[in-house]
Amino acid sequence: NYQPMRPKLIILSFFMKILQIILTVCIISLFSCSKEKLNAVDQNPNQLTTAPLTTLLPAAIMSTMHSYFGNNGNSAATFGAGVASEQVAFSGTGSIASFNFYATPTWENAYVSLRTCKEIEERSVVTRQWGYAGVANFLSALTLMNLLDLFGDVPYRDAFKPGQNILPSFDDDRELYNEVEALLDSSISRFGRATAVTSRPNRDDLIFNGNMTLWRKSAWALKA
């Protein structure tokens, strides 16, 4: 005997079919979207993709200062003093762990500074903003010299290829001291070329407020 479906079952069956259709469409849409399309959708329109030089320069200056002075006492000066004292009187293997605490911020901040300065130099040369390029060269020389004085051989020439070389080789410190001299010579030359107001930093220079004369004197002093 034929028994008609109850109204509730008919409604439930209808909604199940609708749900199946929706799920099918969603699955097809998910697998039909390419990675490029998904990446294009997943973009924040308010996020900067390239930081301006006026933002990069203060960051480079602060990284350089942190590589020297650190924070909470874990500075390059403390590390250097500790190494010197151990050469006179070795206090035990426990001192090695404490040296790592002092040395890590110096090492990490130094490479942040060097990488930022490299980007500043590359971009400012293209835009002929010689004051920025000169400051980047000076900070690079100062940071690299500090690394060499503390650690000797360090990675440098292959150290700034993100995604390409995660294990850069160590360069001879004697060759890198020549690189310091070359960076200082370049900075002095570029400070002299930064005659236009738009070619040099202003308030984003946290040290000399864009005074190229003071920067040039500092470069000569570092060469002395």
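This section describes the fold, the helices α7 and α8, and the salt bridges of a predicted model.

The chain comprises eight helices and two strands, arranged along the sequence in the pattern α-α-α-α-α-α-β-β-α-α. Of its 224 residues, 33% count as buried. Among contacts with a separation of 6 or more, 71% are made by residues 24 or more positions apart. Confidence in the prediction varies along the chain. The average pLDDT is 82, and 73% of the residues score at least 70. Among the elements, helix α4 (residues 76–88) has the lowest mean pLDDT, at 59, whereas α7 has the highest, at 97.

Helix α7 was examined for its length, its start and its buried residues. At 1.5 Å a residue, a span of 30 Å is expected for the 21 residues of α7, and this agrees with the separation of 30 Å between its end C-alpha atoms. The N-terminal end of α7 is capped by Asp172, a side-chain oxygen of which lies 2.7 Å from the backbone nitrogen of Arg174. The buried residues of α7 are Leu176, Val180, Leu183, Leu184, Ser187, Ile188, Arg190 and Phe191. The list thus includes a serine and an arginine, Ser187 and Arg190. Ser187, located in helix α7, has a relative accessibility of 0% and therefore counts as buried. When residues up to four places away in sequence are not counted, Ser187 touches Gly134, Asn137, Phe138 and Ala219. Of these neighbours, Ala219 is itself one of the buried residues of α8.

Helix α8 was treated in the same manner. For its twelve residues, a rise of 1.5 Å a residue predicts a span of 16 Å, and the end C-alpha atoms are 17 Å apart, which agrees. The buried residues of α8 are Met212, Trp215 and Ala219. Viewed down the helix axis, the buried residues of α8 fall within an arc of 60 degrees, so they line one face of the helix. An α-helix has 3.6 residues a turn, so residues three or four places apart point the same way. The exposed residues Lys217 and Ala221 are carried on the face of α8 turned away from its buried side. The cover over the buried residues of α8 includes α6 (130–151) and α7. At the N-terminal end, α8 is capped by Asn211, with a side-chain oxygen 3.0 Å from the backbone nitrogen of Thr213.

Salt bridges also connect α7 with α8. In total, nine salt bridges were counted in the model. Glu181 forms a salt bridge with Lys223, with the closest N and O atoms 2.8 Å apart. Because Glu181 lies in helix α7 (residues 173–193) and Lys223 in helix α8 (residues 212–223), the pair ties together parts that are 42 residues apart in sequence. Glu181 is partly exposed, with a relative accessible area of 32%, and Lys223 is likewise partly exposed, at 21% relative accessibility. The value for Lys223 can be set against the 20% under which a residue is termed buried. Lys223 also meets Asp185 in a salt bridge, at 2.8 Å from N to O. This pair, too, links distant parts of the chain, with Lys223 in helix α8 and Asp185 in helix α7, 38 residues apart. Asp185 has a relative accessibility of 40% and so counts as partly exposed. Elsewhere, salt bridges that share partners join Arg157, Asp171 and Glu175 into one network.

A salt bridge within a single helix is found in α5. Arg123 and Glu119 form a salt bridge in which the closest N and O atoms are 3.2 Å apart. Both residues lie in helix α5 (residues 94–127), four residues apart, about one turn of the helix. Arg123 counts as partly exposed, at 24% relative accessibility, as does Glu119, at 28%.

Notes:
Residues are numbered from 1 along each chain as its sequence is written. This is a predicted model: local features need pLDDT of at least 70, side-chain atom pairs count only at pLDDT 80 or more; totals for chains, interfaces and linings use all residues. Side-chain values use heavy atoms; hydrogens and water are left out. A salt bridge is a side-chain nitrogen of Lys or Arg within 4 Å of a carboxyl oxygen of Asp or Glu. Buried means under 20% relative accessible area, exposed over 50%, partly exposed in between (1.4 Å probe, protein chains only). The expected span of a helix is 1.5 Å times one less than its number of residues. The arc is that of the directions from the helix axis to the C-beta atoms. Contact means heavy atoms within 4.5 Å. A polar contact is a pair of N or O atoms within 3.5 Å; within protein, one must be able to donate a hydrogen and the other to accept it, and residues adjacent in sequence count only if both atoms are side-chain atoms. pLDDT is the predictor's confidence in each residue, from 0 to 100.
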